[in-house]
Amino acid sequence: MAILDYGLSEMALEIRSMMREFAEARVKPVRAELDESGQFPADILRELGKMDLMGLYIPVEYGGTFEGDSMPNIIAVEELSRVCIGVSVSYAANGLGADPILIGGSEEQKKKYLPPLASGEKWAAYALTEPNAGSDAGAIRTTAVKQGDKYILNGTKQWITNGGEADIYTVFAVTDKTRGARGVSAFIVEKGTPGFSFGKKEDKLGIRASATRELIFENCEVPAENLIGREGSGFIWAMRTFDVSRPGIAAQGVGLAQGALDEAVMYAKVREQFGRPIIANQGLSWMLADMATKVETARALTYAVVRTIDSGAKDYSKFSAMCKWYASDVAMQVTTDAVQVLGGYGYMKEYPVEKMMRDAKILQIYEGTNQIQRDIIGLALNKEYAAVSRA
Amino acid sequence: MHIVVCVKQVPNTTQVRIHPETHTLVRDGVESVMNPFDENALEMALQLKESHPDTVITVLTMGPSQAEAVLREAVGRGADKVMLLSDKALAGSDTWATSYALSQAIRTMSPRPDLVLFGKQAIDGDTAQVGPSVATWLALPCITCAFGLEVADGRAKVKRSFEDGYEILEVALPCALTVVKEANVPRMASLRGKMAAKKLVIEPTTAEMIGADPANIGLLASPTRVVSILSPPARSSGVKWQGEEPADMARKLVEELRQRKLI
Ligand SMILES: Cc1cc2nc3c(=O)[nH]c(=O)nc-3n(C[C@H](O)[C@H](O)[C@H](O)COP(=O)(O)OP(=O)(O)OC[C@H]3O[C@@H](n4cnc5c(N)ncnc54)[C@H](O)[C@@H]3O)c2cc1C
């Protein structure tokens with residue numbers, strides 16, 4: 001198959017072939033079953049750990065394989081997503097949970113928490129959202145009150161990916177109510193800490209293999225050394241995490257859309273109506289052409305953003321937001337069109353595209369809805385052009 | 001513990017056809033893979049290593065120089081050492097000559113292995129002879145069709161499968177086993193393993209280096225002659241009913257059998 005040259009490193013190409021083979025052999029045969037039962041893909045994550053694939057984003061000094069190139073991780077997410085984003089989100093949420101530690105954590109925290117994540121021995125989760133604080137994440141109400149060498153956490157986090165399954169949670173809580181978003185702090189909370197429990201697993205439209213749960217904190221005592229950075233810096237860690245993690249959501253969109261395109265083209269070549277394969281109809285082949293073009297533009301934008309981040313650029317929130325909304329909208333469009341190409345068969349569970357379409361929707365919602373992404377871009381434009389018009 | 005796993009590079013049989021006129025395997029454009037049963041043998045060794053960390057796994061293959069690919073694959077999965085037995089003098093060896101050569105290679109290894117593992121059979125030749133023959137050359141007890149293995153106090157407890165059940169055997173080490181598919185699901189290579197495998201320099205071991213008697217190796221020393229290979233005649237696919245009432249399906253079956261004058 002002809003592919004665009006994105007100048008990928010040898011390592012990125014190696015990861016692509018490993019993940020592709022893994023996803024075909026280990027995920028594809030079970031994805032429908034995991035979707036139906038909602039069973040968490042624990043065995044799959046464990047095997048990925050054994051294959052050294054859980055630490056692609058963690059620097060070598062903390063047990064991972066990251067040496068400045070984020071593409072292997074992005075491509076790993078993309079390839080898993082091509083087969084199942086219920087599995088790929090369970091995989092990628094480890095990075096989301098670990099990012100605040102990587103970005104704002106102390107050397108001791110990194111040494112303690114990152115190696116078991118890199119080996120896949122432990123899993124992580126990221127807990128920001130609350131029942132009354134979704135898009136408006138600065139409005140969280142979970143509190144952390146300092147008492148001696150501990151913080152006492154109280155409150156409820158909602159819809160936390162890997163909730164209940166993960167061992168290490170980065171939790172955002174208010175340490176100073178008077179300061180709004182500047183009064184938010186981030187903590188590392190380990191599963192099993194007294195006062196920390198889980199709600200039931202949510203029953204969802206898509207990504208049903210992934211675990212989404214409430215986290216409940218009732219006078220939960222967290223050692224003061226588990227504060228990430230200073231008090232009041234939590235919101236900064238939360239937002240900087242999204243800046244680096246959103247290309248991961250984009251990669252999910254690219255992979256998912258590619259998977260749907262693959263199914264649609266293969267089907268269109270073999271399904272015959274009016275005495276010929278349906279792909280022979282221009283009306284249909286143009287649909288496929290648009291789908292393929294969207295997938296490739298989403299991929300190109302996503303990879304370009306990742307490279308820009310890797311280059312050490314300072315200001316890339318705008319670009320992360322762009323690839324997140326664009327690739328997730330592409331995933332929604334392409335999976336919907338794939339169902340259309342398969343017609344009634346596409347609507348049936350015997351074919352994978354109905355699941356892909358159900359799964360796609362989440363990409364437009366989590367890690368900031370696509371409206372919020374456009375907000376971020378709009379704000380950035382406003383700021384950038386203010387400087388231009390003054391000049 | 002030292003475990004030797006013998007592996008063979010074979011054509012991927014899902015892609016192989018038999019030439020309709022020459023009756024030989026058409027290997028053009030067919031990828032080569034590790035013999036699937038050998039993957040199970042290797043996995044058995046790797047799992048044993050997980051519970052006995054002081055284990056060293058040596059993977060041995062005899063074949064042309066390209067066969068080193070299966071050794072790299074094995075290192076990617078976690079094997080420690082490799083031996084590529086490759087020499088023109090060995091070409092054309094049948095199972096008798098091959099098992100002699102492999103046994104000679106194993107004799108040169110130090111320390112002597114506690115376990116020698118094989119796949120039940122190779123999917124190209126399908127003889128299932130090499131494992132037991134090597135064991136015979138080495139005067140080792142051999143258990144075929146193993147699907148379970150525990151090792152403790154110098155003894156192995158082996159589950160041996162039959163069509164209708166299994167038996168549990170105990171044997172003193174050293175011993176040889178041939179392994180069936182049901183034993184495990186072979187792992188995939190790890191990233192670090194693959195990187196180590198890429199760097200590996202593999203020097204072929206020659207017939208002379210293993211002290212093989214030239215009279216016992218290669219085509220001339222091989223008592224077996226392949227006279228011809230034939231595809232089995234294609235079987236008709238039969239008739240299948242499903243999803244209907246059992247009574248209706250039974251009626252159809254009886255009708256069909258009557259029509260064919262079978263009852
Ligand atoms: C399956 C799943 C997994 C999740 N995993 C995690 C996780 O691991 N960790 C975590 O912290 N959170 C997680 N979330 C939460 C997710 O990030 C939020 O659902 C998301 O940020 C949106 O918040 P909300 O659902 O409260 O919607 P709201 O904020 O209530 O938004 C409702 C609608 O209003 C729109 N809207 C809101 N504000 C504006 C605005 N200013 N301008 C224009 N439109 C606006 C939104 O775009 C949306 O369409 C998860 C959610 C789901 C469903």
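Helices and strands are DSSP runs, numbered from the N terminus. The model used in these exercises is predicted.

**Exercise 1.** Determine where A:Asn162 is found and whether A:Asn162 is buried or exposed.

*Solution.* Step 1: A:Asn162 belongs to the loop between S3 and strand S4 (168–174) of chain A. Step 2: its phi is near 70 degrees, a positive value in a residue other than glycine. Step 3: buried means under 20% relative accessible area. A:Asn162 has 0% relative accessibility and therefore counts as buried.

**Exercise 2.** Carry out the corresponding analysis for A:Trp159.

*Solution.* Step 1: A:Trp159 is placed in strand S3 of chain A. Step 2: although not a glycine, A:Trp159 has a positive phi of about 60 degrees. Step 3: the cut-off for exposed is over 50%. Because its relative accessibility is 52%, A:Trp159 counts as exposed.

**Exercise 3.** Describe how the ligand is held between the domains of chain A, beginning with its polar contacts.

*Solution.* Step 1: an N or O atom in the side chain of A:Ser135 lies 2.6 Å from a ligand oxygen atom, and for the side chain of A:Thr369 the distance is 2.6 Å. A backbone N or O atom of A:Leu128 is 2.9 Å from an oxygen atom of the ligand. Step 2: the protein covers 65% of the 970 Å² of accessible area that the ligand has on its own. Step 3: the shell around the ligand comprises 10 nonpolar, seven polar and three charged residues. Step 4: domain 2 (125–234) and domain 3 (235–390) of chain A both contribute residues to this shell, so the ligand lies between them.

Methods: Residues are numbered from 1 along each chain as its sequence is written. Chains are lettered from A and ligands numbered from 1 in the order in which they are written. This is a predicted model: local features need pLDDT of at least 70, side-chain atom pairs count only at pLDDT 80 or more; totals for chains, interfaces and linings use all residues. Side-chain values use heavy atoms; hydrogens and water are left out. A polar contact is a pair of N or O atoms within 3.5 Å; within protein, one must be able to donate a hydrogen and the other to accept it, and residues adjacent in sequence count only if both atoms are side-chain atoms. Accessible areas come from the Shrake-Rupley method with a 1.4 Å probe; for residues, only the protein chains shown count as cover. Ala, Val, Leu, Ile, Met, Phe, Trp, Tyr, Cys and Pro count as nonpolar, Asp, Glu, Lys and Arg as charged, and the others, Gly among them, as polar. Domain bounds come from an automatic or database domain assignment. Helices (H or I, at least four residues) and strands (E, at least two) are DSSP runs, numbered from the N terminus. Buried means under 20% relative accessible area, exposed over 50%, partly exposed in between (1.4 Å probe, protein chains only).
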